[in-house]
Amino acid sequence: MVQSSSAKRILVVGMADSIHLARWFKQYSDENLEFVLVSSSPHRRVHPMIDEFIRGFEGFSPTIRMSWVSRYLSLPMWLADKFLGDILRGSLIARHIRSFDPDLVHALELQNAGYATAVAYRMLGSRSKPKLLVTNYGSEIVWFKQFPNHLKKLKELMRIADAFSAECSRDVQLAKEIGFAGEVMTTIPVSGGIDKNQLAPKSDLTELQSRNSIVIKGYQNVWGQALVALRAIESVAPSLSSYTVELFSCNRETVVAAKKLKAESGLDIRIYKKHQLTHAEVLGLMRRSRVYIGLSRSDGISTSMIEAMSQGAIPIQSNTSCGNEWIRSGQDGYLVAHDDWQAVASNLLHALQDDEFALEAQEKNLDTISEKYDSAQLSKTAVGYYEKLLG
């Protein structure tokens, strides 16, 4: 599609394989914008939705361009930059700033996109620089500020940023504490929200009791704590014989542990590896589940938690997130310590056995999602980001 001469130019630095970035772009479907995308992550392939946008997907007005270097050499550049201090990707960003002359640079995510963008701005020296908007994903300040090397880089990034956006008010305050003094954008989820016609209807008792699944986010790594959830399931297994336990986005360690628990407990446990399910299929899992369990050592709002809420599943979420900005623990769901399998187990049984609690929690959560996670409204807010910064 040919852009008009009045199209605003935005250089986006972000994870080209990320569904979050794809859904961010989707919010601008009707806007007269010209994007250049520089990949910040070690992707093996560009996310299919972003690829469609680049090819001129029907119904998507902006243009998105991506250089072959960014498309095909992102992984080796990322690996080399682990030793070179983000110089390669920083150089690529600086080159695009010179050639594309963007009205705005937007770094979505801090450790990969933000740090490399800070290097690029340093390389540009005294040259006039476009405004810089940085967007915090998840744990990028709350977790990484505890490490001196990261804290130094975060402070540099906050110092040069003209605007800051986040999905948690918690992170806005943290950004200010480490030196950000620019314009704060409205706090919204980075995932772009959900269409109202995708919300689960509010349940009656019969529908609630037909929800015979427990869904668990299957990440087990530095942050993800799926094994704690499995330990909780194991401890109350005799009470779960009529339920299916479904784990999605599982990595190898979770798969091994879940298969072992299935063999020893006799529970109906279903395992879906990372990327095995589409987004619609994950929402389907949540819609037939009574309870969602998501545990991590650090997180943002947890997109999975709010999507589970949108499908009527009662959340049990680690309190290391900012889930407290979405639910009241003990009333609409539960916020627990990330390693407290006993709290997970007791809250799980309560949510499964107390129909009155579950119905009230589900109703309140669906109201919250309708108010705060509506894709149409969030798209207006996201469009307003660029309108405000570009004048």
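The legends below describe close-up views of a predicted model.

**Figure 1. The salt bridge between Arg23 and Glu307.** The side chains of Arg23 and Glu307 form a salt bridge with an N to O distance of 3.1 Å. This pair links distant parts of the chain, since Arg23 belongs to helix α1 (residues 19-26) and Glu307 to helix α13 (residues 303-310), 284 residues apart. Arg23 is buried, because its relative accessible area of 11% falls under 20%. Glu307 is buried as well, with a relative accessible area of 5%. The structure holds 20 salt bridges, and Figures 2 and 3 show further examples.

**Figure 2. The salt bridge between Asp51 and Arg55.** Here the side chains of Asp51 and Arg55 meet at 3.3 Å, N to O. Asp51 has a relative accessible area of 18% and is therefore buried, the limit being under 20%. Arg55, at 60% relative accessibility, counts as exposed. The bridge thus has a buried acidic partner and an exposed basic partner.

**Figure 3. The salt bridge between Asp367 and Lys202.** The N to O distance between these two side chains is 2.7 Å. Asp367 sits in helix α15 (residues 355-372), whereas Lys202 sits in the loop between β7 (183-184) and α9 (205-210), so the pair ties together parts that are 165 residues apart in sequence. Asp367 is partly exposed, with a relative accessible area of 36%. Lys202 is also partly exposed, with a value of 44%. In addition to such pairs, Arg9, Asp101 and Asp103 are joined into one network by salt bridges that share partners.

**Figure 4. The second largest pocket and its lining.** About 210 Å³ of space lies in this pocket. Its lining comprises 13 residues, and those closest to the centre of the pocket are Lys82, Asp86, Gln111, Tyr115 and His150. Three elements give two or more residues to the lining: α4 (74-84), α6 (110-123) and α7 (148-160). Sorted by class, the lining has six charged, five polar and two nonpolar residues.

**Figure 5. Strand β5 and its pairing with strand β4.** Strand β5 covers residues 131-135, and four of its five residues are buried, so the strand is largely enclosed by the rest of the structure. Strand β4 (residues 104-108) runs parallel to β5, and five bridges join the two strands. One bridge can be picked out by its residues: Leu108 has Thr135 in β5 as its bridge partner. In a regular strand, side chains alternate between the two faces of the sheet.

**Figure 6. Ser249, a residue with positive phi in strand β9.** Ser249 is not a glycine, yet its phi is positive, at about 55 degrees. The residue lies in strand β9, which spans residues 244-250. Ser249 is buried, because its relative accessible area of 17% is under the 20% limit.

**Figure 7. His275, a residue with positive phi in a loop.** The phi of His275 is about 75 degrees, a positive value although the residue is not a glycine. His275 is located in the loop between β10 (268-273) and α12 (279-287). At 71% relative accessibility, His275 counts as exposed, the threshold being over 50%.

**Figure 8. The surroundings of Gly224.** Gly224 is placed in the loop between β8 (213-217) and α10. The residue is buried, with a relative accessible area of 5%. When neighbours within four places in sequence are left aside, Gly224 is in contact with Tyr219, Leu295 and Ser296. Ser298 is 74 residues from Gly224 in sequence, and the two C-alpha atoms are 8.2 Å apart in space.

**Figure 9. Glu234 in helix α10.** Helix α10 covers residues 226-235 and includes Glu234. Glu234 counts as partly exposed, at 39% relative accessibility. Apart from neighbours within four places in sequence, the residues in contact with Glu234 are Leu261 and Glu264. Lys273 is 39 residues from Glu234 in sequence, with 20 Å between the C-alpha atoms of the two residues.

Methods: Residues numbered from 1 in each chain as written. Predicted model: local features only at pLDDT ≥ 70, side-chain atom pairs only at ≥ 80, totals over all residues. Heavy atoms only, no water. Buried < 20%, exposed > 50% of the residue type's maximum accessible area, 1.4 Å probe, protein only. Contact = heavy atoms within 4.5 Å. Salt bridge = Lys/Arg side-chain N within 4 Å of Asp/Glu carboxyl O. 1 Å grid on protein atoms, 1.4 Å probe; cavity = no way out; pocket = protein on both sides within 12 Å on 5 of 7 lines; lining within 4 Å. Points joined across faces, edges and corners; volume = space filled by probe spheres on them. Nonpolar A, V, L, I, M, F, W, Y, C, P; charged D, E, K, R; others polar. Pairing = 2+ DSSP bridges.
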